[in-house]
Amino acid sequence: MLFSILNGGRLSFLQIVMNIIAVLVIVLVVLPFHELAHGYVAYKLGDDTAKRQGRLTFNPMAHLNPIGALCLFFVGFGWAEPVPVNMFKLRHPKRDMALVALAGPCANIIAALIGALLSDLWTVLLLMRFGDTMWYQAVEFFFEYYVSVNVGLAVFNLIPLPPLDGSKILGAFLPDDIYEKQLMHEQQLSWILVALIVFGIVDKIIALPETFLLTFVYFVAGLPFRPFM
């Protein structure tokens with residue numbers, strides 16, 4: 001990430017280029033996929049708000065949030081413009097809102113799996129035929145960063161604090177009275193998340209589940225290629 005470069009990270013010019021390309025792919029493809037997943041699941045569960053606002057699309061311009069994109073470049077995590085969801089249009093508001101929220105992190109995990117599969121395919125096609133070339137290393141760096149950011153976004157979004165998806169998933173398991181209080185105080189609760197980010201506590205919270213999920217993604221992606229590696 002550019003944050004590591006600005007802090008003295010030693011990356012080659014080619015690695016920096018691949019880093020930037022990976023971030024652009026995430027901003028222009030993965031973040032729209034994340035928001036589209038939210039909107040599509042909401043639509044299938046009865047809420048057509050996103051559809052009426054033209055948000056059920058892969059078009060990155062429909063989802064782009066400039067500040068979220070810049071944060072992805074400089075600090076390694078970011079966001080798109082949230083898809084609007086009217087929970088009162090959902091057939092089972094409390095349960096369905098959790099399913100809508102879960103769709104976003106699932107989209108990131110799918111994107112990570114695709115990246116890991118392509119990484120293994122790249123290894124089979126290039127490394128085993130031509131050896132450890134400069135271009136092999138550069139493209140591998142792209143895939144490693146791409147996969148790690150997607151896994152990081154999935155785990156980060158599962159933190160059970162507003163405005164993250166995890167808070168809505170948690171809501172499905174809360175008693176109705178506590179759930180209503182959570183909805184009423186979302187803005188105040190979101191400051192807890194801000195404090196955790198500012199003091200670097202979020203990194204410690206997500207480190208273990210991020211490592212576990214990253215290992216799982218590479219394990220699953222590697223299964224089809226085991227006979228060749």
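Partly exposed, as I use the words today, means a relative accessible area between the 20% that bounds buried and the 50% that bounds exposed. Phe-33 has 22% relative accessibility, so Phe-33 counts as partly exposed. Keep in mind throughout that this is a predicted model.

Let me stay with Phe-33 and go to the aromatic rings. How many aromatic pairs does the structure hold? There are three. In one of them, the ring centres of Phe-33 and Phe-58 are 6.0 Å apart and the planes are at 25 degrees, so this pair is stacked. Phe-33 belongs to helix α2, while Phe-58 is in the loop between α3 and α4, so the pair ties together parts 25 residues apart in sequence.

Another stacked pair is Phe-142 with Tyr-146, at 6.1 Å centre to centre and 15 degrees between the planes. Here both residues are in helix α6, which covers residues 134–157. Phe-142 and Tyr-146 are four residues apart, about one turn of the helix. Phe-142 and Tyr-146 are both buried. Phe-143 comes in as well: ring pairs link Phe-142, Phe-143 and Tyr-146 into a cluster.

One more ring is worth a mention, this time with a charge. Over the ring of Tyr-43 sits the charged end of Lys-51, 5.4 Å from the ring centre.

That brings me to the salt bridges. The count is four, and I will go through three of them.

Start with Asp-48. Which residue does Asp-48 meet at 3.3 Å, N to O? The partner is Arg-52, and the contact between the two side chains is a salt bridge. Asp-48 is partly exposed because its relative accessibility is 27%, whereas Arg-52 is exposed, with a relative accessible area of 54%.

Asp-48 also forms a salt bridge with Lys-89, and there the closest N and O atoms are 3.2 Å apart. This pair links distant parts of the chain, 41 residues apart. Asp-48 is in the loop between α2 (13–44) and α3, and Lys-89 is in the loop between α4 (66–75) and α5 (93–130). Lys-89 has 35% relative accessibility, so Lys-89 counts as partly exposed.

The next salt bridge joins the side chains of Arg-95 and Asp-96, at 2.8 Å from N to O. Is Asp-96 buried or exposed? Asp-96 is buried, because its relative accessible area is 0%. Arg-95, at 46% relative accessibility, counts as partly exposed. Back to the earlier residues: salt bridges with shared partners join Asp-48, Arg-52 and Lys-89 into one network.

Now the residue that follows Asp-48 in the numbering, Thr-49. Thr-49 is in helix α3, residues 49–52. Why does Thr-49 count as buried? Its relative accessibility is 9%, and the bound for buried is under 20%. Leaving out residues up to four places away in sequence, Thr-49 touches Pro-84, Asn-86 and Lys-89. So Lys-89 turns up twice in this part of the talk, as a salt-bridge partner of Asp-48 and as a contact of Thr-49.

Next, the surface. There is a nonpolar surface patch of about 490 Å². Which residues make the patch? They are Ile-20, Leu-24, Leu-28, Val-29, Met-61 and Leu-64. Of these, Leu-64 is in the loop between α3 and α4. Leu-64 is partly exposed, with a relative accessible area of 35%.

Two more residues to finish. Phe-13 is in helix α2. With a relative accessible area of 69%, Phe-13 is exposed. In sequence Phe-13 and Ala-138 are 125 residues apart, and in space their C-alpha atoms are 9.7 Å apart.

Leu-196 is in helix α9, residues 186–198. Leu-196 is buried, its relative accessible area being 17%. What does Leu-196 contact, neighbours within four places in sequence aside? Leu-161, Ile-201, Val-202 and Ile-205.

Methods
Predicted model: local features only at pLDDT ≥ 70, side-chain atom pairs only at ≥ 80, totals over all residues. Heavy atoms only, no water. Helix = DSSP H or I, 4+ residues; strand = E, 2+ residues; numbered from the N terminus. Buried < 20%, exposed > 50% of the residue type's maximum accessible area, 1.4 Å probe, protein only. Contact = heavy atoms within 4.5 Å. Patch = residues over 30% accessible without salt bridge, like charges linked within 9 Å, V, L, I, M, F, W, Y side chains within 5 Å. Areas by Shrake-Rupley, 256 points an atom, 1.4 Å probe, with all protein chains shown as cover. Phe/Tyr/Trp six-rings, centres within 6.5 Å; stacked < 30°, edge-to-face > 60°. Lys NZ or Arg CZ within 6 Å of the ring centre and 35° of its normal.
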